[in-house]
Amino acid sequence: MLRHTTGWMHHLTTLAVTVAVGVGAPAIAAGQSSASLGFDPAEITFHKDIEPILQRSCQNCHREESVAPMALLTYAQARPWARSMKRRTAMGRRAGVMPPWYVEQNIGIQEYKFDPSLSDKEVAMMGAWADAGAPRGNVADAPPPRDFGDGGWTIGEPDLVTTLPELIIGGEQPDWWGEIETTPVGNTTDRYVEALEFREVNDVLDTEDSRETVGGRFVFHHMIWSTQVIGDDGEQDKTRSEDTTTGWPVHEVGRNADTFDPEAGRLLAANSSVVSNSVHLHSNGRDTRSHLEIAWKFHPEGYEPKLKRASRSLGDGLNIDIRPEEADQQLHAYTVLQTHQKLTTFEPHLHAPGQRMCLEAIWGNHIETLTCAGYDHNWVRTYEYADHTAPILPKGTILHITGYMDNTTANRNVPDPRNWQGSGNRSVTNMFIDLGIGVQLSDEQFLEQMEERRQAIGWRLGDHVIGCPLCAYDDLTIADVSDEDEAEDDAEEGTAETAETAAQQQ
Ligand code: HEC
């Protein structure tokens with residue numbers, strides 16, 4: 001959604017504004033000809049082939065009211081960008097690629113919600129179209145223009161939009177950390193949230209030279225926030241705080257929408273307010289007035305969540321040791337799941353040298369990569385597994401992340417790669433975390449979820465399900481227990497047994 005090249009760094013002026021792109025990146029992936037991809041390059045036209053791609057994957061940002069520097073709504077607007085579009089779509093899943101979505105396609109789970117990325121065939125068609133001189137083709141082939149009446153939110157038309165107070169940051173001002181005025185959300189009944197999305201609105205977006213400072217388009221670096229019910233006295237009623245306070249994923253520059261597991265909607269208690277004492281603003285070099293908008297999508301009235309959320313503490317802030325002038329440096333961190341879990345998102349969080357992160361699940365003798373994604377510190381992305389691909393992992397699974405760091409001049413996000421880098425909170429120091437979330441599963445829910453998964457994907461004996469080491473065992477049972485208290489203690493044993501049974505069957 002948003003982009004912020006220099007915003008992350010303190011050395012605004014030392015950074016190149018445009019992203020380096022591979023020279024002569026091949027339009028067609030190695031070994032794949034247009035024939036094998038199923039199209040004739042001479043036949044590709046704007047209205048027939050390219051316009052539908054732009055509508056689906058680009059126009060949300062590339063239109064006058066949105067975040068990208070130029071609109072790609074019409075032939076006249078897109079034509080001058082043909083070569084540039086060819087380059088930017090064919091870069092592979094790494095910093096600079098358009099759309100900004102970095103999940104690698106040759107490993108791990110491949111289906112995610114709201115995935116705007118292009119298939120190999122579409123990338124190849126974009127290249128063939130540019131190479132042929134960007135022919136327009138027949139207007140009659142054009143799809144109807146996309147309707148942005150819903151405001152262009154990726155979550156669809158919101159049920160409610162909350163506008164936060166405006167802040168002003170001066171062009172020469174240093175970074176600012178502080179509170180934002182507590183702001184009523186606008187809901188008068190309890191609602192469970194299905195999805196939410198942020199947007200920064202400021203007065204530099206539509207200025208003529210904003211393209212020159214794409215890195216400086218946005219000033220909100222992050223906001224850590226919750227919703228709480230605040231009384232007339234401006235204080236939270238402590239007796240109700242536990243039931244009415246909800247924490248939400250951190251907003252960050254370039255971050256996309258959040259959807260929660262359909263069975264684990266989060267509560268927005270009636271008459272909630274947005275509360276934050278941790279907003280980080282970073283000047284973009286010009287006096288800027290800016291505010292955030294939050295779009296909410298609710299579950300229907302009466303919805304009750306079945307599953308409990310879980311976050312994972314997966315990262316390492318102590319042992320970050322990034323040497324100067326070296327690419328492909330690795331960092332590792334582990335955590336052990338204390339309950340069965342379904343992982344609903346993967347969210348690599350690195351800083352400037354970050355280039356890539358992989359998430360691996362280790363259970364018994366299953367060692368499996370779930371997701372590898374490139375990283376660009378201008379676009380902090382969260383990846384939401386599709387409902388039928390979200391990993392379902394037994395208690396005791398070890399999650400392992402590997403961060404890949406590029407501290408060389410090839411990484412344009414690094415201000416000066418001659419410097420060693422360690423860990424810390426500022427943008428010029430480093431973090432190494434998977435901020436992904438998930439839901440906890442009881443033994444029963446764990447078995448249910450696996451059964452649902454088998455149904456959803458038409459599982460057949462012998463099929464392997466990525467991210468679900470026990471899905472292949474459709475005869476697992478939980479030890480019978482009568483007393484409720486015992487049930488809790490025994491739940492653990494039940495799991496061990498389940499695991500053991502599975503191991504024996506291998
Ligand atoms: C999530 C928002 C978003 C989406 C989706 C998106 N873009 Fe972009 N695009 C941007 C922003 C912001 C920039 C400017 C920053 C940059 O260069 O990375 C940009 C830059 C570009 C540029 C370089 C412009 C220049 O100044 O040289 C091209 C070309 C481009 N986009 C093409 C595309 C195409 C083609 C698609 C779809 C296949 C697409 N973009 C999808 C936001 C987006």
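Helix axes here are lines fitted to C-alpha atoms over the stretch in contact, and their angles run from 0 to 180 degrees between N-to-C directions. With that in hand, turn to the model, which is predicted.

Begin with the whole chain. The protein has eight helices and 24 strands. It contains 506 residues, and 39% of them count as buried. Take the contacts with a separation of 6 or more. Residues 24 or more positions apart account for 81% of these.

Now look at one helix pair. Two packed helices are described by the angle between their axes and the distance between the axes. Helix H2 spans residues 46-57, and helix H5 spans residues 120-131. Their axes come within 10 Å and cross at roughly 125 degrees. An angle from 115 to 145 degrees is neither roughly perpendicular nor roughly antiparallel. H2 and H5 are therefore oblique to each other. The crossing of H2 past H5 is left-handed. On the H2 side, Asp49, Ile50 and Ile53 make the contact. On the H5 side, Glu122, Met125, Met126 and Trp129 do so. Sorted by class, the contact has five nonpolar and two charged residues, and no polar ones.

Next, the strands. Strand E5 covers residues 220-229 and pairs with strand E10, residues 272-281. Eight bridges join the two, and they run antiparallel. Within this pairing, threonine 227 has valine 274 of E10 as its bridge partner.

E5 also pairs with strand E6, residues 246-247. Two bridges join them, again in an antiparallel arrangement. Threonine 227 appears here too: its bridge partner in E6 is threonine 246. Threonine 227 thus has one partner in E10 and another in E6.

Strand E7, residues 251-252, is a further partner of E5. Two bridges join E5 to E7, and these strands run antiparallel. Here methionine 223 is matched with histidine 251 of E7.

Finally, follow a single residue. Glutamate 444 is found in helix H7, which spans residues 443-457. Is glutamate 444 buried or exposed? A residue counts as exposed if 12 or fewer other C-beta atoms lie within 10 Å of its own. Glutamate 444 has 11 such neighbours, so it counts as exposed. Where does threonine 477 lie relative to glutamate 444? The two are 33 residues apart along the chain, and their C-alpha atoms are separated by 8.9 Å.

Methods
Residues are numbered from 1 along each chain as its sequence is written. This is a predicted model: local features need pLDDT of at least 70, side-chain atom pairs count only at pLDDT 80 or more; totals for chains, interfaces and linings use all residues. Helices (H or I, at least four residues) and strands (E, at least two) are DSSP runs, numbered from the N terminus. A residue is buried if 20 or more other C-beta atoms lie within 10 Å of its own, exposed if 12 or fewer, and partly exposed in between; C-beta atoms are placed from the backbone. Two residues are in contact if their C-beta atoms, placed from the backbone, lie within 7 Å. Angles under 35 degrees count as roughly parallel, over 145 as roughly antiparallel, 65 to 115 as roughly perpendicular and the rest as oblique. A crossing is left-handed if the near helix is turned anticlockwise from the far one by less than a right angle, and right-handed if clockwise. Ala, Val, Leu, Ile, Met, Phe, Trp, Tyr, Cys and Pro count as nonpolar, Asp, Glu, Lys and Arg as charged, and the others, Gly among them, as polar. Two strands pair if DSSP finds at least two bridges between them.
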